[in-house]
Every structure is written in structure tokens, then in C-alpha cells.
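Visitor: Before we look, I would like each label to be justified by its value and its cut-off. Could you take me through the structure in that way?

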Amino acid sequence: MGELIALIERLDLAKGLPYLLAARAGELENPPVAWLMWEQEGLVEGRGLTAKGEAVVHHLLGLAEALDVAI
């Protein structure tokens with residue numbers, strides 16, 4: 001879990017969650033600049049999420065729910 005938290009912090013994925021959710025839904029039109037870093041980490045491919053990206057989104061949503069943070 002510590003490795004996941006470090007990845008989330010390093011790539012600032014909490015701020016990128018709306019983009020990741022749009023990609024998950026197949027509705028991403030304009031990826032952010034950070035998309036290239038996420039692609040290098042294996043989280044995204046093309047305009048969609050990889051299995052690793054899906055796992056990260058799942059964990060981010062779980063953390064938001066546990067902390068009662070609105071997305």
C-alpha cells in the first residue's frame with residue numbers, strides 16, 4: 001500500500017482523478033500534460049486505462065470514500 005501511496009503522490013494522481021475517470025468511461029477528449037508521465041508508468045495507454053491504471057483508480061476511489069471526500 002505504501003508503494004501505491006508513493007505513486008499517487010509522485011504523479012499527483014489525486015488531481016488527475018477526473019481525467020482517469022473520463023478515460024475509464026471512454027469520454028476523455030483532451031488528456032492533460034501529465035498523461036505522458038502516466039503512460040510511462042503504465043497507467044494509461046492511448047486514451048484508456050491499463051489494468052494497473054484501473055487498480056490505481058479503484059484505490060483512489062476507495063481512499064476518497066474512506067476519507068469522505070467528494071469527487
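Visitor: Which residue follows α1, and what is the sign of its phi?
Guide: In this predicted model, α1 is followed by Asp 12, and the phi of Asp 12 is positive, near 50 degrees. A positive phi also appears just after α2, where Gly 26 takes a value of about 75 degrees.

Visitor: What makes residues of α1 count as buried, and which are they?
Guide: A residue is called buried when its relative accessible area is under 20%, and in α1 that label goes to Leu 4, Leu 7 and Ile 8. These residues cover an arc of only 100 degrees around the axis, and therefore they lie on the same side of α1. The face turned away from that buried side carries Gly 2, Glu 3, Glu 9 and Arg 10, which are exposed, a label that requires over 50%.

Visitor: What do the buried residues of α1 pack against?
Guide: They pack against α2 and α4, where contact means heavy atoms within 4.5 Å.

Visitor: How do you know that the ends of α2 are closer together than those of a straight helix would be?
Guide: Helix α2 spans residues 13-24, which is twelve residues, and at 1.5 Å a residue a straight helix would reach 16 Å, whereas the end C-alpha atoms of α2 are only 14 Å apart; the span therefore falls short of the expected one.

Visitor: Which residues of α2 are buried, and what do they pack against?
Guide: Leu 13, Gly 16, Leu 17, Leu 20, Ala 22 and Ala 23 are the buried residues of α2, and their partners are α1 (2-10), α3 (35-40), β1 (44-45), β2 (48-49) and α4 (51-66).

Visitor: Why is the chain called as compact as a globular protein of its length?
Guide: The chain has four helices and two strands, arranged along the sequence as α-α-α-β-β-α. Its radius of gyration is 11 Å, and the globule rule gives 11 Å for 71 residues, so the chain is as compact as a globular protein of that length. Along the principal axes, the C-alpha atoms fill a box of roughly 30 × 25 × 20 Å.

Visitor: How many of the residues count as buried, and what share of the accessible surface belongs to carbon and sulfur atoms?
Guide: Of the 71 residues, 34% fall in the buried class, while the accessible surface comes to about 4600 Å², with 55% belonging to carbon and sulfur atoms. As for contacts between residues at least 6 apart in sequence, 49% join residues at least 24 apart.

Conventions: Residues are numbered from 1 along each chain as its sequence is written. This is a predicted model: local features need pLDDT of at least 70, side-chain atom pairs count only at pLDDT 80 or more; totals for chains, interfaces and linings use all residues. Side-chain values use heavy atoms; hydrogens and water are left out. Buried means under 20% relative accessible area, exposed over 50%, partly exposed in between (1.4 Å probe, protein chains only). The arc is that of the directions from the helix axis to the C-beta atoms. The radius of gyration is taken over C-alpha atoms; the globule rule is 2.2 Å times the number of residues to the power 0.38. Accessible areas come from the Shrake-Rupley method with a 1.4 Å probe; for residues, only the protein chains shown count as cover.
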